[in-house]
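The following exercises concern strand pairing, chain crossovers, packing and backbone geometry. Each task is followed by a solution in steps.

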Amino acid sequence: MCPSCEPEAIANGNSNSNGHTNGTSNGNANGDSNDHPGFTAVETKSNPHHVRSNPYQPVGDFLSNVSNFKIIESTLREGEQFANAFFDTAKKIEIAKALDEFGVDYIELTSPAASEQSRADCEAICKLGLKAKILTHIRCHMDDARIAVQTGVDGVDVVIGTSSYLMEHSHGKDMTYITNTAIEVINYVKSHNIEIRFSSEDSFRSNLVDLLSIYSTVDKIGVNRVGIADTVGCASPRQVYDLVRTLRGVVSCDIETHFHNDTGCAIANAYCALEAGATHIDTSVLGIGERNGITPLGGLMARMIVADREYVMGKYKLEKLKDIEDLVASAVEVNIPFNNYITGFCAFTHKSGIHSKAILNNPSTYEIINPADFGMTRYIHFASRITGWNAIKSRAIQLDMDMTDEQYKACTAKIKQLADIRPINIDDTDSIIRAFHRSRVLGKDVSETILAPVAATPDDVVV
Ligand SMILES: [Zn+2]
């Protein structure tokens, strides 16, 4: 039996039916609710996620790198451009170590030319001896390149704007100047025996002929990677696929991609880029970056584990994701979004009676990702008017309150009746379950008295 097939942990919590947590743990059942107050997890019959193939697996083709991709983690570069971000040296080192333990292939740092402290931080992280390769991100300029190669980085990511907007309104250079400067910088960095990537900026609003021409030129002089950047988040997955596939036919080096999330396509674009032959994906923790950020590390993991669980599980320590997200969220003073991939508080919470029944029998019915793969727990939210008797039965068994199916159904009807009147929480449902169980033991019908104080507080429903 593989580890993921083990019975899952049971956790318990208290909840209001509207989903707001009250932070009160439920001492009536086993488990620790501190990490997830508000919902109750129940043990499911089996975990069938060990199945190696599923109907959603991509159709393999010679271009696709869906099962062979690398992550360039840019929380300490792109993420530093997030509105709330300020990382001191200690915090940068803490984040870099956490990302390294997670298993990212590269960690990208702010340009050492940005400030004196940025340069010192870059040198400090290079000296940590991490497994991940350390990159820094610089303008396509000899002054920046000279500073970068002296920091001890494993590679330099060079970028220059190639769209008409940036050529006219930002740096004011034409393609001839860009090409000549690129050649000079690339040759200089290569002479120091470290990796070099050349990327255009705002690639999807750049002239395609110009792009292919300069990528072809830098490929011939030996860059390790060329980069495509959707700097303004305008690209759609189909546009990404077309551009990367075209580029794949022009260059022989690796292809790195960088997607902003302004129009909500950052993860889908990253996936399509891999399908079209890209080799590297830029991410940041929680997607933090300029404006609303880039492809989030956790969201990409969610996407990729569905495509190739074996590759993702074998390469990345997924159970560390939540700790890294908590670390970065705290550092930049934001909350983890409620609907966050994997770690959002309701990411593995099932509520309706139909869903709960099926989940209790077989979690794959309504889950494409196994929460246990990420060290997370699934929850059944049963304190509501849309609950079902299978969920209530499961909760009763968890409370060691054995009854007949008919009694579970009657108990459930009473819970739904109360939940139609006002929001209820786990204490309410547990109290009703206990009342029904007691009535069974005593041989009395207490169902008519349970709801007497219908408008009362949760404690008052105890009979
Ligand atoms: Zn960016």
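**Exercise 1. The opening strands**

Strand β1 (residues 70-73) and β2 pair in the parallel sense over two bridges. This is a predicted model, in which local features need pLDDT of at least 70 and side-chain atom pairs count only at pLDDT 80 or more, while totals for chains, interfaces and linings use all residues. Residues are numbered from 1 along each chain as its sequence is written. Helices (H or I, at least four residues) and strands (E, at least two) are DSSP runs, numbered from the N terminus, and two strands pair if DSSP finds at least two bridges between them.

Task: state which residues of β2 stand opposite Ile72 and Glu73, and describe how the chain passes from β1 to β2.

Solution.
1. Ile72 is placed opposite Tyr106 of β2.
2. Glu73 has Ile107 of β2 opposite.
3. Between β1 and β2 the chain passes through helix α1 (residues 89-102), and this β-α-β crossover is right-handed. The term applies if, with the strands pointing away from the viewer, the path from the first strand over the helix to the second runs clockwise.

**Exercise 2. Extending the sheet**

Task: follow the pairing from β2 to β3, from β3 to β4 and from β4 to β5, and identify the closed arrangement of strands.

Solution.
1. Four bridges join β2 to strand β3 (residues 133-139) in the parallel sense; in β3, Lys133 is the bridge partner of Tyr106. The chain takes helix α2 (residues 116-126) on its way from β2 to β3, in a right-handed β-α-β crossover.
2. Parallel pairing of β3 with β4 covers five bridges, and Thr136 has Val156 of β4 as its bridge partner. Together, β3, α3 and β4 form a right-handed β-α-β unit.
3. β4 runs parallel to strand β5 (residues 195-201), with seven bridges between them. Val156 stands opposite Ile196 in β5.
4. Eight strands close into a barrel, in the order β1-β2-β3-β4-β5-β6-β7-β8, with parallel pairing. On average, neighbouring strands of this sheet are turned by 25° against each other, direction ignored. Axes are lines fitted to C-alpha atoms, for helices over the stretch in contact, and angles run from 0 to 180 degrees between N-to-C directions.

**Exercise 3. Burial and the nonpolar core**

Task: determine which faces of β2 are covered, how β4 is placed, and which residues touch the most other members of the largest nonpolar core.

Solution.
1. A residue is buried if 20 or more other C-beta atoms lie within 10 Å of its own, exposed if 12 or fewer, and partly exposed in between, with C-beta atoms placed from the backbone.
2. In a regular strand the side chains alternate between the two faces of the sheet. In β2 (residues 106-109), Tyr106 and Glu108 on one side and Ile107 and Leu109 on the other are all buried, which leaves both faces covered.
3. Five of the seven residues of β4 are buried, so β4 is largely enclosed by the rest of the structure.
4. The largest nonpolar core (buried Ala, Val, Leu, Ile, Met, Phe, Trp, Tyr and Cys residues joined through C-beta atoms within 7 Å) has 110 residues, of which Ile107, Val156, Val244, Ala270, Ala273, Met301 and Ile392 touch the most other members. Helix α8 (residues 266-275) gives the most to this core, with seven residues.
5. Beyond its neighbours within four places in sequence, Ile107 is in contact with several residues, including Glu73, Leu76 and Ala132. Contact requires C-beta atoms, placed from the backbone, to lie within 7 Å.

**Exercise 4. Positive phi in two loops**

Task: for Asn193 and Leu286, establish the location in the chain and decide whether each is buried or exposed.

Solution.
1. Asn193 belongs to the loop between α5 (175-190) and β5, and its phi is near 55°, a positive value in a residue other than glycine.
2. Asn193 counts as exposed because it has 7 C-beta neighbours inside 10 Å.
3. Leu286 is found in the loop between β8 and α9 (297-307); phi of Leu286, also a residue other than glycine, is positive, near 60°.
4. Leu286 is buried, since 27 other C-beta atoms lie within 10 Å.

Technical notes. Two residues are in contact if their C-beta atoms, placed from the backbone, lie within 7 Å.
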